[in-house]
Amino acid sequence: RWQLRHVRVRDFEEIATLFLEVFGHPLSRALWEWKYARGRGNGVVAARNGALIAHYGGMYRDVMLCGEPDWVFQICDVMVHPQERGVMTRQGPFLLTAATSAEIYGPLGVGFPNARAMLVAAKMGLYSEVGQMSEVRWQPSAPRARLRTRVAVLERGNAANESSVSNLWLAMAKDLRCGVVGVRDWAYLEQRYFGHPHNAYGVLLVTSRLTRKPLGVIVLRRLEASCELLDVIAPIGNLPSLIDQARRFP
């Protein structure tokens, strides 16, 4: 009923059409290449009579797993054509593409499926719930300068900044050595935030005002009515100072 295969470069137009039908907004070639090109990601598609009707993709993510370097398949762009969504069985397009991706790109993966997909995949033995996401909100604080800390824009091409990020990441990884944490080194910042084709992020370095010692990096994204704290690179003990600085940006 369906034919499965790897995603090919010439599939982009069909993938973009499916993306628009499923999510209601366009997928640019630049964003698609940012996710998948040059070995950063991969995917499996399902076709019926030569027409693409499902896509299961993901990006490779370097992690530290209990203090040891490893990698996971970070799942994204899971799409099934609206006319095929009713087939949520072991031989349906969603489960076939998901299971094939796990076999090829696994064994470790991470993602945030919706409730229906999670239920079906768990029944089929494909996914297991390992945790839950929580959203934390803070009210903006006074924008005045802080007595103990200061913040500056992190500059690309600055050797001192790269060294600071490297040291902060090593301290963070040490604090989280008993769990799993995504690598947050300079190369990660370059690809994830500086190199994003559409979004603009504020990548800021927080330092001690007295000693000038780097305390951490915060990544912010301004929305219409709020500001998102997207990422941090810091030893755990420095998080209160970083959050305090982030709250200055309403």
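How much surface does the protein expose, and what share of it do carbon and sulfur atoms supply? The protein exposes about 14700 Å², of which carbon and sulfur atoms supply 54%, with accessible areas taken from the Shrake-Rupley method with a 1.4 Å probe and, for residues, with only the protein chains shown counting as cover.

Before going further, I should say that this is a predicted model, in which local features need pLDDT of at least 70 and side-chain atom pairs count only at pLDDT 80 or more, while totals for chains, interfaces and linings use all residues. Residues are numbered from 1 along each chain as its sequence is written, and side-chain values use heavy atoms, with hydrogens and water left out.

Let me start with the overall picture. The protein has seven helices and ten strands, where helices (H or I, at least four residues) and strands (E, at least two) are DSSP runs numbered from the N terminus. Along the principal axes, the C-alpha atoms fill a box of roughly 65 × 35 × 35 Å. Of the 250 residues, 40% are buried, and here buried means under 20% relative accessible area, exposed means over 50%, and partly exposed is in between, again with a 1.4 Å probe and protein chains only. Among the contacts with a separation of 6 or more, 62% are between residues 24 or more positions apart, a contact being heavy atoms within 4.5 Å.

I turn next to helix H2, residues 29-36, in which Leu-31, Trp-32, Trp-34, Lys-35 and Tyr-36 are buried. These buried residues pack against helix H1 (12-23), strands S2 (41-48), S3 (51-65) and S4 (68-80), and helix H6 (186-194). After H2 comes Arg-38, with a positive phi near 55°.

H2 also takes part in the second largest pocket, which holds about 200 Å³ of space; that volume is the space filled by probe spheres set on grid points, which are joined across faces, edges and corners. On a 1 Å grid over the protein atoms alone, a pocket is an open set of points where a 1.4 Å probe fits, with protein on both sides within 12 Å along at least five of seven lines, and lining residues have an atom within 4 Å of a point. The lining includes Val-7, Arg-29, Trp-32, Glu-33, Tyr-36 and Asn-42. H2 and S2 are the elements that give two or more residues to this lining, and the largest share, four residues, comes from H2.

Some backbone details also deserve a look. Gly-106 and Pro-107 are joined by a cis peptide bond with omega about 10°, and Pro-107 is found in the loop between H3 and strand S5 (109-110). Cys-66, in the loop between S3 and S4, has a positive phi near 50° without being a glycine, and Cys-66 is partly exposed, at 49% relative accessible area. Arg-212, which likewise is not a glycine, has a positive phi of about 65°; Arg-212 lies in the loop between strand S8 (202-208) and strand S9 (214-222) and is exposed, with a relative accessible area of 68%.

Finally, Gln-91 sits in the loop between S4 and helix H3 (93-105), where Gln-91 is exposed at 52%. Not counting residues up to four places away in sequence, Gln-91 touches Trp-2 and Leu-96. From C-alpha to C-alpha, Gln-91 and Gly-216 are 48 Å apart in space, with their positions 125 residues apart in sequence.
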